[in-house]
Amino acid sequence: MTTQKTGGVRHVISRIFEIREIVILLLVLLLGVFMSIRSPQFLTARNFQVVGNYMATDMIIGAFLTISLIAGNTDFSVGSNMGCSAFVCGLLLNGGFSIPLAILGGLVTGVVIGLINAFCVVRLKVLPMIATMGTWMAFKGVGLMIINSSTLSNFPRDFKALVQENQFLGFLGLPSLLASMLIITAVTAFLLKYVSFFHQAYFIGSNPESAKLSGINVKRFTFVLYMLIGLCAAFAGVLAISRYGSAPASLGQGVEFRVISALLIGGVSLNGGEGSILGTFLGILLMALIANALTLFGIDTNLQNVLIGSIMVVSVAIDEANRRRQN
Amino acid sequence: MEDVILNVRGVNKEFPGVKALDDMHFTLRRGEIHALLGENGAGKSTLMNVLSGAYTPDSGEITLDGEAVRFRNPMDAEKKGVSIVHQELAAFGSSTVGENIFTTRAPRNALGMIDYAKMYKQARALLDEYGFTDVNERRLMRRLSVGRQQIVEILRAVSKDAKVLILDEPTSALTEKETDILMQIMRDLNQRGVSIVYISHRLEEVFRICDTATIMRDGRYIVTRPVAESSRDELVRYMVGRDVVHQYGAGTSQVGSELLRLENVSYKKTLRGVSLTLHKGEVLGLAGLEGAGRTELLEVLFGVLRPESGRVLLDGKEVHFHSPSDAKAAGLAFITKDRKNRGLFLRKSISDNYLAANLDRLTRRGFTQFKMARKGAEEYKERFNIRTPDVKKRVMKLSGGNQQKVLLSMWVSRQPRILLIDEPTRGIDVGTKESIHQLIRQYAKSGMGVIMVSSDMPELIGASDRIVALYEGEVTGELALGAVTEEKIMALTSGITLSERVSE
């Protein structure tokens, strides 16, 4: 009887481990409970805002990237895109253009970089990883060239007020960054589940050839997604420089690897066909909580990279183990 | 008056250097199941691709329901009522069964959102309609067996209101039971007025289910015959273009002393106390249904799987293979049934494949001897009659039969003492089958041992000197040459006569 019981428990546990979102949620809850016991500052509105701000740009970039990666197309250029687009916006601001025009300039830059990525992938047939690593390097260079490797600052007060004083989306009563993140998360989750155009990401990712044969316009999908990713990366960049009030030369650097590892932790597969917005959100939340915990306890924040890297590899290893067991 | 639904007249299709279709004719009558037969490379696939809109013909006329049609692409063909189920599975593994059936045609609500409740309800209804009450419409596709996936694919084609359904070798990966189910679906569809074009290498199936057969050869129309009035030999003659008296070769070699012995070998739940022997010069056939443990037995012998208990004796001495390289070093060779994924380096040349199998012997002072590899590959190309102008040609460009010969030559060139071969002629045309059987027999005659797994009954019976039957991982009987009948094998492999064992 006892063997049967453990067998049952083991079965339930193994089923839980098959659903990535639940595993990550458990980790998040575990960390949350631990933190609220050990640190009096953890459960404060102030700290929530810190965590939210930390997550916001990553999630804004990661949302459409999740959909694209489900379809099998990665994008490493998002970090450089974020920086480069923000620099364009900052230069326009400092050049005396109106705030809406400057923001538009930044966003257009992002879309154009996305378009270049899509062109390389769809028309030139370069593998997404290689194409976007190319644009990642190239636009990192372009960004630094246009700002002469120096920090842009002295933006108009009204521009800084957008995020610093929460004027952007202020009617929601939430901090701008948080509101932007939540809206993008909800919208992309809805699109991926209920709108055919985005839902087809799963078909394209799990079998591109038969996706084509069943009438899916894979090329159009790829173009649209890279442009949306570009748009969101630029949007994150604009929000970031409004928040900081300046655009440091290092803006956006390293974002791509952080976001993609969060996606992988959240259950997106680099082989395509798998993943969800919820998983991505939880992956990014987990990363933010780890960073938060290390800061609150005054531990060397470099430990964050060690932890994130390990969690990423372990969670993908669990996936592979599940797959082997099923076959 | 004949009621013709699909008519092909004088269709030509040329690829650089090849005339794939040469003045092809094909007439499909309403409500019939029509077999399209021909050897590999005869142009069947090209014709199907033309009919399903994947290729545009260079010239010629196609009429559907009396109207001339020109399909721009597969979606266009589907809209007009011609659907195809491809030989290679085209499933979306990480989506559900329901999503696979509808893909982009999923029902939507007034806001344009995918209506999941409705979609699953319709999928359920469709599955029930065809009697698959045990297939869950919300299950992930990749959790289904290959046979079940194939059935979902067919339902997907059916759900598009197809008037003409093309099935391109749907049974090549199916078990016998799944094949039966498929035949039932085809009859069902047929009664609902769907006309079916059926491509298969398995003539038994053609005789079971088809009304008419059209045979093509070298891209040309040869003949159309009512199946009921034809014999197997007649159809084969048309396909090959000559008389084939199939010599499988059982019982023609000198069986010598014991080479290999298995004693009570068990592996997980798939092998339970298997004992058997193999002699020099012998071809031992392993009979069994899918899942009976046949492939696992070969994999245990070759060191891919480690047996949990039992002994393996080679020349009377106990051996333990910890990996395939151990088994290879001991003189064993394993030819997998999955030649494309596990056997060959498809994107490499014939000569490179030969090199890969013989790398240890073709290295001098650390340098690879490409010239020797090329010479060796040339030699086997001649000996095995591999039809290609050049051994530098990529293996993927060869027909299935020639690929199998390349795989066989790679291993035979190492002169192993024991050849383990899984489904030696799956998906291979009649003419090439014969020569592969001759090669296997020739090899056995040189004093080596062969263990062969086959689901092809005539092959198993005709090529094996002795047959061991497996059922759910257990040996249920052994049949000596002369005592073998299809009925006896069926009984042993389905576990019916477990109590009354047939002994030597």
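Which residue stands opposite B:Val164 in β8(B)? B:Ser195 takes that place, and the sheet around this pair is a good way into the predicted model shown above. Chain B carries 17 helices and 22 strands, and its domain assignment gives domain 1 (4-240), domain 2 (246-331 + 416-504) and domain 3 (349-411). Here is a short tour, starting with the chain as a whole and ending where chain A meets chain B.

**Chain B overall**

- The C-alpha trace of chain B spans about 70 × 50 × 50 Å along its principal axes.
- A compact globule of 504 residues would have a radius of gyration near 23 Å, and the 25 Å of chain B agrees with that.

**The sheet with β7 and β8 of chain B**

- This open sheet is built from 6 strands of chain B in the order β6-β7-β8-β3-β9-β10, with mixed pairing.
- Its edge strands are β6 (82-85) and β10 (220-226) of chain B, each of which pairs on one side only.
- From one strand to the next, the twist averages 20°.
- Strands β7 (residues 164-168) and β8 (residues 195-199) of chain B run parallel and are joined by 5 bridges.
- Helix α6 (residues 176-191) of chain B packs on the sheet, where it touches β3 (33-37), β7 and β8 of chain B. The direction of α6 makes about 150° with that of β8(B).

**The sheet with β19 and β20 of chain B**

- Another open sheet of 6 strands in chain B follows the order β16-β19-β20-β13-β21-β22, and its pairing is mixed.
- Strands β16 (332-335) and β22 (474-480) of chain B stand at the edges with a single partner strand each, so one side of each has no neighbour in the sheet.
- The average twist here is 20° from one strand to the next.
- Over 5 bridges, β19 (residues 418-422) and β20 (residues 449-453) of chain B pair in the parallel sense. Within this sheet, B:Leu419 has B:Val450 in β20(B) as its bridge partner.
- Helix α17 (residues 486-493) of chain B lies across β13 (283-287), β21 (466-471) and β22 of chain B, and runs at about 30° to β21(B).

**Domains 1 and 2 of chain B**

- The C-alpha centres of these two domains of chain B lie 35 Å apart.
- Their contact takes 9 residues from domain 1 and 7 residues from domain 2 of chain B.
- On the domain 1 side, helix α8 (residues 232-240) of chain B gives the largest share, 3 residues.
- The residues on that side of domain 1 of chain B divide into 3 nonpolar, 4 polar and 2 charged.

**A helix pair in chain A**

- Helices α3 (residues 45-70) and α14 (residues 277-296) of chain A pack at an angle of about 145°, and their axes are 9 Å apart.
- The crossing of α3(A) past α14(A) is right-handed.
- Residues of α3(A) in this contact include A:Val50, A:Tyr54 and A:Met59, while those of α14(A) include A:Phe281, A:Ile284 and A:Leu289.
- By class, the contact of α3(A) with α14(A) has 13 nonpolar, 5 polar and 1 charged residues.

**Where chain A meets chain B**

- In this interface, 18 residues of chain A are in contact with 14 residues of chain B.
- On the chain A side, the elements that give two or more residues are α9 (196-199), α10 (201-206) and α11 (208-213) of chain A.
- By class, the residues on the side of chain A that touches chain B are 6 nonpolar, 10 polar and 2 charged.

Technical notes: Residues are numbered from 1 along each chain as its sequence is written. Chains are lettered from A and ligands numbered from 1 in the order in which they are written. This is a predicted model: local features need pLDDT of at least 70, side-chain atom pairs count only at pLDDT 80 or more; totals for chains, interfaces and linings use all residues. Two strands pair if DSSP finds at least two bridges between them. Helices (H or I, at least four residues) and strands (E, at least two) are DSSP runs, numbered from the N terminus. Axes are lines fitted to C-alpha atoms, for helices over the stretch in contact, and angles run from 0 to 180 degrees between N-to-C directions. Two residues are in contact if their C-beta atoms, placed from the backbone, lie within 7 Å. A crossing is left-handed if the near helix is turned anticlockwise from the far one by less than a right angle, and right-handed if clockwise. Ala, Val, Leu, Ile, Met, Phe, Trp, Tyr, Cys and Pro count as nonpolar, Asp, Glu, Lys and Arg as charged, and the others, Gly among them, as polar. Domain bounds come from an automatic or database domain assignment. The radius of gyration is taken over C-alpha atoms; the globule rule is 2.2 Å times the number of residues to the power 0.38.
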